[in-house]
Amino acid sequence: MKLAQEYSYPLDLDWTTEEIVKVVEFFEAVETGHAEGITAGALRRHYKNFKSVVPSKSGEKTLFREFKAQSGLEAFTLTRQLKDAGDEDVIRA
């Protein structure tokens with residue numbers, strides 16, 4: 001199930017196309033986690049790619065806050081579940 005998106009993702013215009021794709025794919029994974037659940041392995045892979053673009057905790061918090069303001073979806077509730085989840089576990093918000 002794809003959410004009807006009527007908002008924009010928080011992006012930095014200085015990022016390369018590849019970096020933008022990584023960030024968008026992460027936020028799409030967050031949407032999936034909210035809509036139907038996502039395996040921890042898939043979310044972990046997208047989060048790792050996201051962190052390669054946004055390595056700082058402060059940058060992550062800023063983007064998570066902007067994403068929540070735009071979408072109403074909380075990325076942190078999903079990423080904090082990765083700590084104790086096995087790759088096949090399904091994560092839901």
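In this predicted model, the buried residues of helix H2 are covered by several elements, including H1, strand S1 (38–39), H3, H4 and strand S2 (90–91). The residues of H2 that end up buried are Ala40, Gly41, Ala42, Leu43, His46, Tyr47, Phe50 and Val53. As for its length, H2 has 14 residues and runs 20 Å from its first C-alpha to its last, close to the 20 Å expected at 1.5 Å a residue.

Helix H3 (residues 57–71) passes a similar check. Its 15 residues should span 21 Å at 1.5 Å a residue, and the C-alpha atoms at its ends are indeed 21 Å apart, so the two values agree. Buried in H3 are Gly59, Glu60, Leu63, Phe64, Phe67 and Ser71. Looking down the helix axis, these buried residues fall within an arc of 130°, so they line one face of H3. A bit of helix geometry helps here: with 3.6 residues a turn in an α-helix, residues three or four places apart point the same way. Over on the other side of H3, Ser58, Lys61, Arg65 and Ala69 are exposed. The buried residues, for their part, pack against helix H1 (17–35), helix H2 (40–53) and helix H4 (76–79).

Just after H3 comes Gly72, with a positive phi near 80°. Gly72 sits in the loop between H3 and H4, and its relative accessibility is 54%, so it counts as exposed. Its C-alpha atom is 12 Å from that of Phe27, although 45 residues separate the two along the chain.

Now for the rings. The structure holds ten aromatic pairs. One of them joins Phe26 and Tyr47 in a tilted arrangement, 5.7 Å centre to centre with 45° between the planes. Since Phe26 belongs to helix H1 and Tyr47 to helix H2, this pair ties together parts that are 21 residues apart in sequence. Phe26 and Tyr47 are both buried. Phe27 and Phe50 make another pair: their ring centres are 5.8 Å apart and their planes meet at 75°, so the pair is edge-to-face. Here too H1 is linked to H2, because Phe27 lies in H1 and Phe50 in H2, 23 residues apart in sequence. Phe27 and Phe50 are buried as well.

These four rings belong to one aromatic cluster, made up of Tyr9, Phe26, Phe27, Tyr47, Phe50, Phe64 and Phe67. There is also a nonpolar core, the largest having 26 residues, and Phe26, Phe27, Leu43, Phe50, Phe64, Phe67 and Ile91 have the most contacts inside it. H1, H2 and H3 each supply at least two residues of this core. Phe64 gives a good view of the packing: beyond its neighbours within four places in sequence, it contacts Phe26, Phe27, Tyr47, Phe50, Ala75, Phe76 and Thr79.

Charged side chains add further links, with a count of five salt bridges. In one of them, Asp87 meets Arg44, and the closest N and O atoms are 2.4 Å apart. Asp87 is in the loop between H4 and S2 while Arg44 is in helix H2, so the bridge ties together parts 43 residues apart in sequence. Asp87 is partly exposed at 43% relative accessible area, and Arg44 is partly exposed at 27%. Glu60 and Lys51 form another salt bridge (2.8 Å, N to O), and Lys51, Lys57 and Glu60 are linked in a network. At 2% relative accessibility, Glu60 counts as buried.

Note on methods: Residues are numbered from 1 along each chain as its sequence is written. This is a predicted model: local features need pLDDT of at least 70, side-chain atom pairs count only at pLDDT 80 or more; totals for chains, interfaces and linings use all residues. Side-chain values use heavy atoms; hydrogens and water are left out. Helices (H or I, at least four residues) and strands (E, at least two) are DSSP runs, numbered from the N terminus. The expected span of a helix is 1.5 Å times one less than its number of residues. Buried means under 20% relative accessible area, exposed over 50%, partly exposed in between (1.4 Å probe, protein chains only). The arc is that of the directions from the helix axis to the C-beta atoms. Contact means heavy atoms within 4.5 Å. Rings of Phe, Tyr and Trp (its six-membered ring) pair if their centres lie within 6.5 Å; planes under 30 degrees apart count as stacked, over 60 as edge-to-face and the rest as tilted. A nonpolar core is a set of buried Ala, Val, Leu, Ile, Met, Phe, Trp, Tyr and Cys residues joined through side-chain atoms within 4.5 Å. A salt bridge is a side-chain nitrogen of Lys or Arg within 4 Å of a carboxyl oxygen of Asp or Glu.
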